[in-house]
Amino acid sequence: MSSASSSARRIAATVLAAGAVVGAAALPAAAQDRDHRQHPRVEISRVQADSPGRDDHSNRSLNAEWVEITNTTRDAINLRGWTLRDDDGNRYRFDNVRINSHATLRIHTGTGHNTRSDLFQNRHEYIWGNRGDTATLRDERGRVVDTETWGRR
């Protein structure tokens, strides 16, 4: 075996080993970036689909049915044009609503006066399926931000 061929093999092995080390170091950073992108900035944090007690269509019962969304960032976010929708196509469109940093908004089905922490859809019928449904939150461009599914449809 010639010394030139042996040197070429050693160089190739060194280059491959260096590439493997660089690739292994970059993998955790790439995985962390992917996980960060998949975690929504605003998320559906809780759903109370089945209001406690009897479903008597009273405003109290309707308002005990709600969806909470939480801003997981350090910045306030304007939800103007965002929507919250169920599987049957019932849609709530956010007006000029800001959700503060790490704050949670509760969107009730019935009627009431909007506050910083509670919004009302002003509906007279239940929206969220007790046995199963999906809540989908979309941004102003119609992109899915988060979904929450429960039970069976």
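Start by selecting D139: this residue is buried, with a relative accessible area of 9%. Buried means under 20% relative accessible area, exposed means over 50%, and partly exposed lies in between (1.4 Å probe, protein chains only).

Now add R143 to the selection. R143 is partly exposed, at a relative accessible area of 45%. R143 and D139 form a salt bridge, and their closest N and O atoms are 2.8 Å apart. The term salt bridge stands for a side-chain nitrogen of Lys or Arg within 4 Å of a carboxyl oxygen of Asp or Glu.

**Before going on**

This is a predicted model, in which local features need pLDDT of at least 70 and side-chain atom pairs count only at pLDDT 80 or more, while totals for chains, interfaces and linings use all residues. Residues are numbered from 1 along each chain as its sequence is written, and side-chain values use heavy atoms, with hydrogens and water left out.

**The whole chain**

Zoom out and show the chain as a cartoon. Its secondary structure comes to two helices and ten strands. Helices (H or I, at least four residues) and strands (E, at least two) are DSSP runs, numbered from the N terminus. Along the sequence, the pattern reads α-β-α-β-β-β-β-β-β-β-β-β.

Switch to a surface view. The chain exposes about 10000 Å², of which carbon and sulfur atoms supply 48%. Accessible areas come from the Shrake-Rupley method with a 1.4 Å probe, and for residues only the protein chains shown count as cover. Of the 153 residues in the chain, 31% count as buried.

Next, colour the chain by pLDDT, the predictor's confidence in each residue, from 0 to 100. The mean for the chain is 86, and 73% of the residues reach 70 or more. Select residues 29-37: pLDDT stays under 50 here, and the model has zero contacts for this stretch beyond four places in sequence. Contact means heavy atoms within 4.5 Å. Where pLDDT is low, the predicted coordinates should not be read in detail.

**The sheet around strand 9**

Select strand 9, residues 132-138. Is this strand mostly covered or not? Six of its seven residues are buried.

Add the strands beside it. An open sheet of four strands has the order 5-4-9-10, and the pairing is antiparallel. Strand 5 (91-93) and strand 10 (144-151) are the edge strands, each pairing on one side only. On average, neighbouring strands of this sheet are turned by 10° against each other, direction ignored. Such axes are lines fitted to C-alpha atoms, for helices over the stretch in contact, and angles run from 0 to 180 degrees between N-to-C directions.

Look at the two partners of strand 9 in turn. With strand 10, strand 9 pairs over seven bridges in the antiparallel sense; two strands count as paired if DSSP finds at least two bridges between them. Select T134, and T149 in strand 10 stands opposite. Strand 4 (residues 83-85) pairs with strand 9 over three bridges, also in the antiparallel sense. Here R85 stands opposite T136 in strand 9.

Follow the chain from strand 9 to strand 10. The two strands form a hairpin with five residues between them, and G142 in the turn has a positive phi of about 85°.

**The loop before strand 9**

Select Q121, which is in the loop between strand 8 (118-120) and strand 9. Which residues is Q121 in contact with, leaving aside its neighbours within four places in sequence? They are Y92, I107, H108, T109, G110, I127 and W128. Q121 is buried, with a relative accessible area of 9%.

**Salt bridges around E68**

How many salt bridges does a search of the whole structure find? It finds three.

Select E68 and R46, which form a salt bridge with their closest N and O atoms 4.0 Å apart. This pair links distant parts of the chain: E68 is in strand 2 (residues 66-71) and R46 in strand 1 (residues 42-48), 22 residues apart. E68 counts as buried at 10% relative accessibility, whereas R46 is partly exposed at 47%.

Add R106, whose side chain meets that of E68 in a salt bridge of 2.6 Å, N to O. R106 is in strand 7 (residues 104-108), 38 residues apart from E68 in strand 2. The relative accessible area of R106 is 23%, so this residue is partly exposed. Keep the three residues selected: salt bridges that share partners join R46, E68 and R106 into one network.
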